[in-house]
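User: I would like a close look at a single part of this model, with its surroundings brought in as needed. Please give the cut-offs for the terms you use.

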Amino acid sequence: MQSLRRSTLNLSVINKQFVRSVGIHSTVVNNKEKTTHLKSWREIPGPSTLPLIGQTHHFLPGGSLYKIDNLGLVDLMYERYGPIVKFEGSFGSPTLIFLFDPEASAHILRSENLMPIRTGFQSLDYFRKEYNKGRRETNEFSGLLTDHGETWKKFRSTVNPIMLQPKTIKLYKNSLNEVAEDMVKRMKLLRNDKNMLEAKFDEEMNLWALESIGVVALGGRINCLDRNLPENSPEKKLINTIHQIFNVVEELDFKPSLWRYISTPGFKKVMKLYEDQVELSKFFIGKAVKQIESKGKNSTEEKSVLEKLLEINEDVALTMASDMLFGGVETAANTMTATLYLLAKNPEKQEKLREEIMSQNEKQPYLKACIKESMRMLPVVSGNLRQTTKEYDVLGYRIPKDMLVTFAHQFLSNREDQFPRSKEYIPERWITEKTDPVHHSNAHPFAFSPFGFGVRSCIGRRIAELEIETFLSKVMENFHVEWFGPDLKVKHTTLNYIVGPFNFVFKDVK
Ligand code: HEM
């Protein structure tokens with residue numbers, strides 16, 4: 001245990017220098033520039049450090065960054081230090097380099113696009129590779145979130161054709177439509193006399209997302225939308241477990257913590273949560289496997305991702321199914337909530353969308369544009385991460401191999417110089433003429449990447465898009481969505497969580 005946990009320390013080298021030296025919007029260094037002009041990564045500006053405790057004091061009561069949320073932190077760092085900022089690791093947390101420059105981001109992401117490494121989930125990594133090793137279905141793979149190199153490549157190339165081809169994913173349209181219809185029925189039943197849902201809205205969206213990913217991943221219905229579902233049902237337990245995991249990993253994986261040396265209460269808690277997630281997923285996957293076996297070979301039903309993968313590689317199938325239930329719930333649910341909120345705040349856009357949906361035209365470009373625009377403004381993941389596999393020269397600094405670099409795409413996609421009128425919800429920017437000043441082509445291509453980049457980008461992208469398009473269409477057909485009171489609040493942790501109060505009103509479309 002100790003050796004693996006301690007190895008993370010390689011990334012956190014103590015730096016005592018603090019220099020502000022780069023101009024905003026400088027870009028990747030010219031290859032011809034003499035390398036002697038480059039500064040060491042140790043000189044990248046960032047909050048000052050103290051011996052042993054690094055930058056921890058800034059985050060303690062009285063410190064300038066005390067209780068600041070991630071997004072506020074990112075804005076402040078850019079303002080203070082410019083387009084490249086260093087966060088020193090301490091107590092085993094890794095040193096992180098933040099890039100706020102799209103061209104520099106493009107340079108690294110493109111060069112890392114053969115077998116990119118995205119570490120960062122240290123506690124999940126530890127759980128899968130050490131803590132739970134003997135109990136795993138397979139010791140060859142730990143899953144896409146935690147595997148790297150050739151193991152990741154073998155896994156990813158097995159699942160890519162089944163999970164990423166739009167044509168293949170479209171085959172789940174009818175099942176997802178049934179889920180969407182049932183969710184709308186449920187919403188109607190949950191409405192009170194003010195047309196608001198008598199339920200926790202975020203939990204409702206999670207139930208819809210779990211039911212949706214369930215039909216694609218496992219085939220058949222999980223039955224999350226059953227109104228009599230008890231609080232201690234496996235469905236609700238799985239949702240709560242995943243929610244808690246994403247909330248605690250931020251503290252454990254990206255902030256200084258002693259768990260890398262001793263078993264802290266936080267460490268014990270997250271190991272138990274990961275264990276519960278594995279057990280609960282096994283429960284659902286086990287049921288699905290039995291159904292597949294009983295169905296017989298001649299069934300005409302569309303095969304689930306699990307069934308298709310079982311025909312190729314059982315280890316991949318079981319590991320991927322579990323990761324779909326893990327990665328596919330909060331992400332889709334929060335994206336859906338953000339889209340509903342932005343449409344509620346922009347009734348004329350909502351009306352335009354409803355017209356397109358009611359037209360039943362096969363192509364629905366405005367629907368896609370509405371979702372894209374909400375991901376630009378309120379993406380569920382704020383940045384992408386890579387561990388460099390080689391040395392880079394960017395923005396006047398030499399970044400060595402094995403550094404963790406974060407690409408702050410949410411920061412970029414909300415900037416006026418990338419997306420004019422960036423604070424306004426303008427789905428049209430994704431479909432208008434190129435000559436329109438708000439057209440998205442005015443932005444750098446790396447200023448918008450809610451699903452990540454390249455061969456390591458989100459494997460659930462096509463599924464999530466279809467789920468959201470299908471459900472959003474059903475909601476628009478049935479409800480005028482309104483919002484009252486203060487603006488929606490977002491808690492920025494590992495994911496951007498939309499938190500209550502959820503002041504949605506759902507009035508019937510007559
Ligand atoms: C709107 C919904 C979603 C968003 C915004 C989202 C976003 C992301 C992002 C930003 C990454 C990192 C990509 C990179 O490093 O370049 C990622 C990876 C991943 N996502 Fe999603 N995701 C969503 C839905 C889903 C769903 C539905 C699933 C499950 C089917 C899923 C499973 C995964 C997995 C397993 C990875 C790791 C891929 C790899 O490393 O090869 N995601 N996602």
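Analyst: A residue is buried here if 20 or more other C-beta atoms, placed from the backbone, lie within 10 Å of its own, exposed if 12 or fewer do, and partly exposed in between. The model is predicted: local features need pLDDT of at least 70, side-chain atom pairs count only at pLDDT 80 or more, and totals for chains, interfaces and linings use all residues. Residues are numbered from 1 along each chain as its sequence is written.

The part chosen is the open sheet of four strands, in the order β2-β3-β7-β4, with mixed pairing. Strands (DSSP runs of E, at least two residues) and helices (H or I, at least four) are numbered from the N terminus. The protein has 18 helices and 11 strands, and 44% of its 510 residues count as buried.

The average pLDDT (the predictor's confidence in each residue, from 0 to 100) is 87 for the protein, and 87% of the residues score at least 70. Over residues 1–34 the value is below 50, although this stretch has 65 contacts in the model beyond near neighbours in sequence. Where pLDDT is low, the predicted coordinates should not be read in detail. A contact means C-beta atoms, placed from the backbone, within 7 Å.

The edges of the sheet are β2 (84–87) and β4 (384–387), each of which pairs on one side only. Pairing requires at least two DSSP bridges between two strands. Across the sheet from the β2 edge, β2 and β3 run antiparallel and are joined by four bridges; Phe 87 is opposite Leu 96 of β3. The next pair, β3 and β7, is parallel, again with four bridges, and here Leu 96 faces Leu 404 of β7. Leu 96 therefore appears in both registers, opposite Phe 87 and opposite Leu 404. At the other edge, β4 and β7 (residues 404–407) are antiparallel and share four bridges, with Asn 384 opposite Phe 407. Ignoring direction, neighbouring strands are turned against each other by 25° on average.

Strand β3 (96–99) has buried side chains on both faces: Leu 96 and Phe 98 point one way, Ile 97 and Leu 99 the other, and all are buried. Helix α4 (residues 102–111) lies across β3, β4 and β7, at about 130° to β7. For such angles, axes are lines fitted to C-alpha atoms, for helices over the stretch in contact, and values run from 0 to 180 degrees between N-to-C directions.

Two loop residues between β5 and β7 have backbone angles to note. Leu 395, in the loop between β5 (392–394) and β6 (397–399), has a positive phi of about 50° although it is not a glycine. Leu 395 has 27 C-beta neighbours inside 10 Å and so counts as buried. Asp 402 sits in the loop between β6 and β7, and its phi is also positive, near 75°, in a residue other than glycine. Because it has 15 C-beta neighbours inside 10 Å, Asp 402 counts as partly exposed.

Beyond the sheet, helix α5 (residues 122–131) has seven of its 10 residues buried, so the rest of the structure largely encloses it. The buried ones are Gln 122, Ser 123, Leu 124, Asp 125, Tyr 126, Phe 127 and Arg 128. The loop between α5 and α6 (149–163) holds Ser 142, which counts as buried because 23 C-beta neighbours lie inside 10 Å. Apart from neighbours within four places in sequence, Ser 142 contacts Arg 128, Lys 129 and Asp 147. Its C-alpha is 9.8 Å from that of Phe 127, at a separation of 15 residues in sequence.

A contrast to β3 is found in β10 (residues 496–499), where Asn 496 and Ile 498 point to one face and are buried, while Tyr 497 and Val 499 point to the other and are not. Strand β9 (residues 489–492) is joined to β10 by four bridges in an antiparallel arrangement, and the two form a hairpin with three residues between them. Val 490 has Ile 498 as its bridge partner. In the loop between β10 and β11 (504–508) lies Pro 501; the peptide bond from Gly 500 to Pro 501 is cis, with omega near 0°.

Methods
Two residues are in contact if their C-beta atoms, placed from the backbone, lie within 7 Å.
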